[in-house]
Structure formats: C-alpha cells, structure tokens
Amino acid sequence: MNHVDEMTERMLDDAGIGPGMRVLDIGCGPGAVSLMIVRRVGGTGHVFGVDQNPQMLELARRAARDAGLSNLTFIEGGFDVAFTERGTLDAVVGRRVLMYQPDASLAVAQLVDAIRPGGVIAFHEHDMVAISDSSTPLPLHDRVRSWLREMLRLEGANLHMGFGLHSALSVGGLAVQRVRAEANVLTPTSTYPVGAIIRSVLPRLQHLGIATEAEVDVASLDDRLAAERRERNATCLWEMVFCAWARKQ
Ligand SMILES: C[S@@+](CC[C@H](N)C(=O)[O-])C[C@H]1O[C@@H](n2cnc3c(N)ncnc32)[C@H](O)[C@@H]1O
C-alpha cells in the first residue's frame, strides 16, 4: 500500500467506517477507495461507487471482479445521484473529487440528504501548498510536479482544496469533526508510484500541450526520480494531503 492509500485508510478509521455499513464513494474513478471501503464493511455492508465517467466505472467493475468482491454497485452519476438506498446510507466518502467541483459547498450540500442522521461525510483532498519542497534541489521532481500543477490549473481544478475543506463541509445539517493534513514525503528509498500517476494522466498532459510522451518517458520515470533522490541523498515533500470529516446532526 502506498503512502497516500495509508492516509485514506487512516481517514476511514477516524470517520468510523466499519463492518455492516453502507457507504457511497463519490467520484470513485477506477475504484481504489471503493475496494478499501468494501474490505472494511465486509459481507454485511455495501459500497456504492458513483462516477460521472462510464470508462472509470468499467475499470472499477473490473477491479472488483478481479478482487473477487461482490458487495459493490457502480452507478453512473454525480453528487445528486438517485438510487434506492439514498437517504439511508451510513457514510459518503470521496477522494480527490471536491477539487474538481466549481462549487464544493453546493456539491457537499447535495450529499447531506444521502445519509441518515448520525452518518458521516469524509473527504480526502490534496493541496499545492507553497512550502519548501526539499532542502536539496531536485529538478526532475520539480518538473513532474509542475506538469501536474499546470494540468490541474488548466482544467479549472481547485489547487487549494485542502484549505477549502472546512468551509466546504460547513453546510446546513453537518458538523465538522476534524480537518487534518499530512505530508507525502519521498526519501532516497521510497517507492511511491509517481510513474503510475503520470501514466494515468499522460493523455491529459499531451492534450493540454504540457508535455510530450518522449519528454515524460513514463517507463523510466520512477527510476529517474528515485535515482535523483538517491544520488543527492534527498528527502522531499511531494504533496500535502488533507482529510476532513463531518457528521450529520
Ligand atoms: C482524480 S479522480 C479520483 C478517483 C478516486 N476517487 C481515487 O482517489 O482513486 C476524480 C474522479 O472524480 C470524478 N468526478 C469528478 N467530478 C465528478 C462529479 N461531479 N460527479 C461524479 N464524479 C465526478 C472523475 O470522473 C474522476 O473519476
């Protein structure tokens, strides 16, 4: 499990996601978080993964099949998605999805009526905070991060969703329980899969004219990043991860 998935698991612990719960994973994408949740809720619980992108839902369905998990349902839709269990759910969880909403508070408000009183809404988002990234210059790391930052900026995503989480969750009917931030730190021996992340967004980088396939050279990217850290014995702060959860009153 990579650093960021571990942070998601900690948020799921803190938000009390456990056996028997019925949970909506909003913006489930290819299903990584849905699979983490379904392992927690067990055979008596259920996960509803919702995404607006049917291609992502196909990947999620395949991941669930490959993992031999059946108590998941993947549904095409948005924050206002309608399905029978809506209104009685124990929790809604989302990762890296509020940052894409033009009005994050409105998006959260649309989820409040999906859960039962006492239910929880939890989000894991990232923030491009302006802090010193490393005590040692790491030009390749800086370049890769600048590709991601530029892509998100051009796509209109909120680069500071972390700082906006408390406000986004402070909507009628919800009481914010906690906002927490952790750094995803890369060391000379880390194996965090930056290459896989860049591979998954490569078509977007190319489409937006940010980087070419040759420039990215995704097959060797993780090796080159690891070599840069190793040769300089450098530790760097790759990104800040914010998690927040609120309870329905
Ligand atoms: C960066 S991906 C994150 C995927 C997944 N949550 C994860 O962490 O692995 C963002 C996902 O949110 C979905 N998304 C963005 N806005 C959405 C909306 N308004 N309704 C439903 N899905 C949305 C996108 O289609 C995409 O699959």
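The exercises below, each with a worked solution, concern a predicted model of a protein.

**Exercise 1. Overall dimensions**

Task: Determine how the radius of gyration of the protein agrees with the value for a compact globule of 249 residues.

Solution: Begin with the expectation, which for a compact globule with 249 residues is a radius of gyration near 18 Å. The protein has 18 Å, so the two values agree. Next, set beside this the extent of the C-alpha trace, which spans about 55 × 35 × 30 Å along the principal axes. The secondary structure within these dimensions comprises nine helices and seven strands.

**Exercise 2. Burial, contacts and surface**

Task: Describe how the residues of the protein divide by burial, how far apart in sequence its contacts reach, and what its surface is made of.

Solution: Of the 249 residues, 50% count as buried. Turning to contacts between residues at least 6 apart in sequence, 82% of them join residues at least 24 apart. The protein exposes about 11,400 Å², of which carbon and sulfur atoms supply 51%. Finally, for the charges, the mean position of the 25 positive ones and that of the 30 negative ones are 3 Å apart.

**Exercise 3. The surroundings of R95**

Task: Decide whether R95 is buried or exposed, and identify the side chain with which its own side chain makes a polar contact.

Solution: First locate R95, which belongs to strand 4, spanning residues 89-95. Its relative accessible area is 16%, and because the limit for burial is under 20%, R95 is buried. The side chain of R95 makes a polar contact with the side chain of T8, at 3.0 Å. Leaving aside neighbours within four places in sequence, R95 is also in contact with other residues, including D5, I26, M36, H124 and E125.

**Exercise 4. Two positive phi angles and a helix residue**

Task: Compare the settings of D217 and N233, and then place P203 relative to E213.

Solution: D217 is not a glycine, yet it has a positive phi of about 40°, and its place is in the loop between helix 8 (213-216) and helix 9 (218-232). N233, likewise not a glycine, has a positive phi of about 45° and lies in the loop between helix 9 and strand 7 (236-248). As for accessibility, D217 counts as partly exposed at 36%, whereas N233 counts as exposed at 62%. P203, found in helix 7 (residues 194-207), is exposed, with a relative accessible area of 53%. Its C-alpha is 8.9 Å from that of E213, and the two residues are 10 apart in sequence.

How values were computed
Residues numbered from 1 in each chain as written. Predicted model: local features only at pLDDT ≥ 70, side-chain atom pairs only at ≥ 80, totals over all residues. Heavy atoms only, no water. Helix = DSSP H or I, 4+ residues; strand = E, 2+ residues; numbered from the N terminus. Rg over C-alpha atoms; globule rule 2.2 N^0.38 Å. Buried < 20%, exposed > 50% of the residue type's maximum accessible area, 1.4 Å probe, protein only. Contact = heavy atoms within 4.5 Å. Areas by Shrake-Rupley, 256 points an atom, 1.4 Å probe, with all protein chains shown as cover. Lys, Arg positive; Asp, Glu negative; His and termini not counted. Charge placed at Lys NZ, Arg CZ, Asp CG, Glu CD. Polar contact = N/O pair within 3.5 Å; in protein donor to acceptor, adjacent residues only side chain to side chain.
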